[in-house]
Amino acid sequence: MINIVSDKYKTVKPEDVKFWFKAASTNLFPKNGGACVKYKDLQIAVFNFERLNKWYACQNLSPEKQEMVLSRGMIGDHKGIPMVACPLHKKTFSLENGENLNGDLDAIATYPVKVEDGFVFLGFME
């Protein structure tokens with residue numbers, strides 16, 4: 001069975017960005033946590049990984065449970081790789097490339113993030 005929802009999410013590499021979406025002010029995101037941003041018909045989890053002084057974005061859709069929950073997941077480190085753990089099943093995914101770090105699930109989509117003038121921007125191809 002093909003999942004129409006998950007098929008909408010495709011990783012965007014920094015060199016492929018054609019449009020920077022102004023998501024929200026940086027102060028609306030929890031420190032060392034995530035929040036969900038809507039872009040068109042996509043839900044994107046955005047993480048302020050303050051401990052690393054970096055921002056990350058990925059699909060909000062859990063690939064196993066097909067629920068929009070990754071923005072509520074715990075972020076941390078898995079063997080030096082910044083990661084998010086799904087709050088439903090505790091599967092972990094790299095915030096750098098979306099790889100499933102402890103199982104056989106497909107990778108999640110990741111998106112470039114930049115911060116300018118106190119705002120978070122997400123990179124998309126369209």
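**Exercise 1. Which order do the strands of the open sheet of 3 strands have, and how do they pair?**

*Solution.* Keep in mind that this is a predicted model.

Step 1. Look for the sheet that runs β1-β10-β9; its pairing is antiparallel.

Step 2. Find the edges. Strands β1 (19-25) and β9 (113-116) each pair on one side only, which makes them the edge strands.

Step 3. Follow the twist: from one strand to the next, it averages 30 degrees.

Step 4. Zoom in on one pairing. Between β1 and β10 there are 6 bridges in the antiparallel sense. As an example, A24 has V120 of β10 standing opposite.

**Exercise 2. Describe the open sheet of 4 strands and find its edge strands.**

*Solution.* Step 1. Write down the order, which is β2-β3-β4-β8, again with antiparallel pairing.

Step 2. Mark the edges: β2 (33-39) and β8 (110-111) pair on one side only.

Step 3. Trace the link from β2 to strand β3 (residues 42-49): these two run antiparallel and are joined by 7 bridges. Within this region, G34 has F47 in β3 as its bridge partner.

**Exercise 3. Work out how many disulfides the protein has, and why C36 and C86 form no bond.**

*Solution.* Step 1. Recall the cut-off: two cysteine sulfur atoms must lie within 2.5 Å to count as a disulfide.

Step 2. Test C36. Its closest cysteine sulfur belongs to C58 and is 9.8 Å away, so the gap is too far for a bond.

Step 3. Test C86. The closest cysteine sulfur is again in C58, at 10 Å, which is also too far for a bond.

Step 4. Give the total, which is 0 disulfides.

Step 5. Add the surroundings. C36 is partly exposed, with a relative accessible area of 38%, whereas C86 is buried, at 0%.

**Exercise 4. Classify the aromatic pairs Y39 with F124 and F49 with Y56.**

*Solution.* Step 1. Decide what to look at: a pair of aromatic rings is described by the distance of the centres and the angle of the planes.

Step 2. Start from the whole structure, where a search finds 6 aromatic pairs. One of them is Y39 with F124, at 3.8 Å centre to centre and with 10 degrees between the planes, and this pair is stacked.

Step 3. Place the partners along the chain. Y39 belongs to strand β2 and F124 to strand β10 (residues 119-124), so their pair ties together parts 85 residues apart in sequence. Y39 and F124 are both buried.

Step 4. Turn to F49 and Y56. Their ring centres are 6.2 Å apart and the planes meet at 75 degrees, so this pair is edge-to-face. Here, too, F49 and Y56 are both buried.

Step 5. Widen the view: Y39 and F124 belong to one aromatic cluster together with F19, F21 and Y111.

**Exercise 5. Which lysines sit over aromatic rings?**

*Solution.* Step 1. Look at F119: K22 lies over its face, 3.9 Å from the ring centre.

Step 2. Look at F121: the charged end of K114 is over this ring, at 5.8 Å from its centre.

**Exercise 6. Check whether the overall size fits a compact globule.**

*Solution.* Step 1. Count the elements: there are 0 helices and 10 strands.

Step 2. Compare the radius of gyration. A compact globule with 126 residues would be near 14 Å, and the protein has 13 Å, which agrees.

Step 3. Add the dimensions. The C-alpha trace spans about 40 × 30 × 25 Å along its principal axes.

Step 4. Finish with burial: of the 126 residues, 47% are buried.

Conventions. Residues are numbered from 1 along each chain as its sequence is written. This is a predicted model: local features need pLDDT of at least 70, side-chain atom pairs count only at pLDDT 80 or more; totals for chains, interfaces and linings use all residues. Side-chain values use heavy atoms; hydrogens and water are left out. Buried means under 20% relative accessible area, exposed over 50%, partly exposed in between (1.4 Å probe, protein chains only). Two strands pair if DSSP finds at least two bridges between them. Rings of Phe, Tyr and Trp (its six-membered ring) pair if their centres lie within 6.5 Å; planes under 30 degrees apart count as stacked, over 60 as edge-to-face and the rest as tilted. A charge sits over a ring if NZ of Lys or CZ of Arg is within 6 Å of the ring centre and within 35 degrees of the ring normal. Axes are lines fitted to C-alpha atoms, for helices over the stretch in contact, and angles run from 0 to 180 degrees between N-to-C directions. The radius of gyration is taken over C-alpha atoms; the globule rule is 2.2 Å times the number of residues to the power 0.38.
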